[in-house]
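This report is meant for a reader meeting the structure for the first time. Please keep the sequence and the 3D view at hand while reading.

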Amino acid sequence: MRKLIAGNWKMNGLISSQAEIEALRGLTGEATCDIVVCPPFTLIDRAVERAKDSNLVIGAQDCHAQQSGAHTGDVSAEMLADIGARYVILGHSERRVSYGEDDEIVHAKAVAAHRAGLIAIVCVGETRHERDEGRAIEVVGEQLAESIPEGATGANLIIAYEPVWAIGTGLVPTNKQIEEVHAAIRHMLEEWLGDDGHSVKILYGGSVKASNAAAIFGLRNVDGALVGGASLKASEFAGIISAAF
Ligand code: PEP
């Protein structure tokens, strides 16, 4: 499967950060993987313009479940599609923790993403405590079962396995731990989605850097990465992109 590398800029980036988009655009010509960047809402429009006529694709970091209405401060999936976003990250652990987003909300947002024609990148992952209790696969399985919408296919759904304890910490699970969880996710997807379960990409996320990317990309059922901190500088992100094959 062709690998996909997605960058999550989180709440970072000003108009001046367009230089990074420009630099990334330059990289996509030769890349052998798909490259997606998810800047904050304020930069999506400009990033889409900058990425025009290249293989760089722009996504968002969240959306509301409703199409429009009295939801102060929110942005709908339709609004994102309207300005040219193609992907949306949903259920990131920072949103689950900071905004109390549960699987029901993530499910509703994934339905909204599909309604608007966006590809949903649904994030799942266990906490340190849950892993220590030996419940990583159980927790991830529950999150997936409750958040994947009807009609999900390899063309409209991506799963990102992001152990909460590995995000922004420099800690990375062992190869065996990553392979175990990715194999379990693949198994569940095949059970629920049939043939489509084979083609849903499963990304790993959590402290991916240029220095560890090649080893992670070599693992079974790892179809790419969701990258936070290391996606902010095009030069570092380039190292991750070039490790994908
Ligand atoms: C993330 O926030 O999705 C993430 C993977 O962050 P980092 O790469 O910084 O650990």
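## How burial is judged

A residue is called buried when its relative accessible area is under 20%, exposed when that area is over 50%, and partly exposed in between. The model discussed here is a predicted one, and the values in the text are computed from it.

## Ala-243 at helix α11

With that scale in mind, Ala-243 can be placed: its relative accessibility is 14%, and because this is under 20% the residue counts as buried. Ala-243 belongs to helix α11, which covers residues 234-243. When neighbours within four places in sequence are left aside, Ala-243 is in contact with Ala-213, Ala-214 and Phe-217. A further pairing links distant parts of the chain, since Ala-243 and Thr-32 are separated by 211 residues in sequence, while their C-alpha atoms are 9.6 Å apart in space.

## Around the ligand

Which residues come nearest to the ligand? Of the 14 residues around it, these are Lys-10, His-92, Glu-162, Gly-168 and Ser-207. For Lys-10, an N or O atom of the side chain is 2.5 Å from an oxygen atom of the ligand. Gly-168 takes part through its backbone, where a polar atom is 2.7 Å from a ligand oxygen, and a polar backbone atom of Ser-207 is likewise 2.7 Å from an oxygen atom of the ligand. Taken alone, the ligand exposes 290 Å², and the protein buries 95% of that area.

Two of these residues also deserve attention for their backbone. Lys-10, placed in the loop between β1 (4-8) and α1, has a positive phi of about 55° although it is not a glycine, and its relative accessibility of 22% makes it partly exposed. Ser-207, in the loop between β7 (201-205) and α10 (210-217), is also not a glycine and has a positive phi of about 60°; with a relative accessibility of 15%, Ser-207 counts as buried.

## The buried face of helix α2

Helix α2 runs over residues 41-51, and its buried residues are Leu-43, Ile-44, Ala-47, Val-48 and Ala-51. Viewed down the axis of α2, these buried residues fall within an arc of 145°, so they line one face of the helix. A general property of helices helps in reading this pattern: an α-helix has 3.6 residues a turn, so residues three or four places apart point the same way.

The cover over the buried residues of α2 includes α1 (18-28), β3 (56-60) and α3 (77-82). After α2 comes Asp-53, whose phi is positive and near 60°.

## Cysteines without disulfides

How many disulfides does the model contain? The count is 0, and the distances between sulfur atoms show why for two of the cysteines. The closest cysteine sulfur to that of Cys-33 is in Cys-38, 14 Å away, which is too far for a bond. For Cys-63 the closest cysteine sulfur is also in Cys-38, at 12 Å, and again this is too far for a bond. Both residues lie under cover: Cys-33 is buried with a relative accessible area of 3%, and Cys-63 counts as buried at 1% relative accessibility.

## Ser-76 and Arg-95

Ser-76 is found in the loop between β3 and α3, and it counts as buried with a relative accessibility of 3%. A polar atom of the Ser-76 side chain lies 3.0 Å from the backbone oxygen of Gln-67. Leaving aside neighbours within four places in sequence, Ser-76 is in contact with Cys-63, His-64, Gln-66 and Gln-67.

Arg-95 lies 19 residues from Ser-76 along the chain, and their C-alpha atoms are separated by 16 Å. Arg-95 sits in helix α4, residues 93-99, and is partly exposed with a relative accessible area of 22%. Apart from residues up to four places away in sequence, Arg-95 touches Gln-61, Asp-62, Gly-100, Glu-101 and Lys-109.

## Arg-131 in helix α6

Is Arg-131 buried or exposed? Its relative accessibility is 13%, at which Arg-131 counts as buried. The residue lies in helix α6, which spans residues 128-132. Not counting residues up to four places away in sequence, Arg-131 touches Glu-126, Ala-136, Tyr-161, Trp-165, Gln-177 and Val-181.

Terms used:
Residues are numbered from 1 along each chain as its sequence is written. This is a predicted model: local features need pLDDT of at least 70, side-chain atom pairs count only at pLDDT 80 or more; totals for chains, interfaces and linings use all residues. Side-chain values use heavy atoms; hydrogens and water are left out. Buried means under 20% relative accessible area, exposed over 50%, partly exposed in between (1.4 Å probe, protein chains only). Helices (H or I, at least four residues) and strands (E, at least two) are DSSP runs, numbered from the N terminus. The arc is that of the directions from the helix axis to the C-beta atoms. Contact means heavy atoms within 4.5 Å. A residue is near a molecule or strand if one of its heavy atoms lies within 4 Å of it. A polar contact is a pair of N or O atoms within 3.5 Å; within protein, one must be able to donate a hydrogen and the other to accept it, and residues adjacent in sequence count only if both atoms are side-chain atoms. Accessible areas come from the Shrake-Rupley method with a 1.4 Å probe; for residues, only the protein chains shown count as cover. A disulfide is a pair of cysteine sulfur atoms within 2.5 Å.
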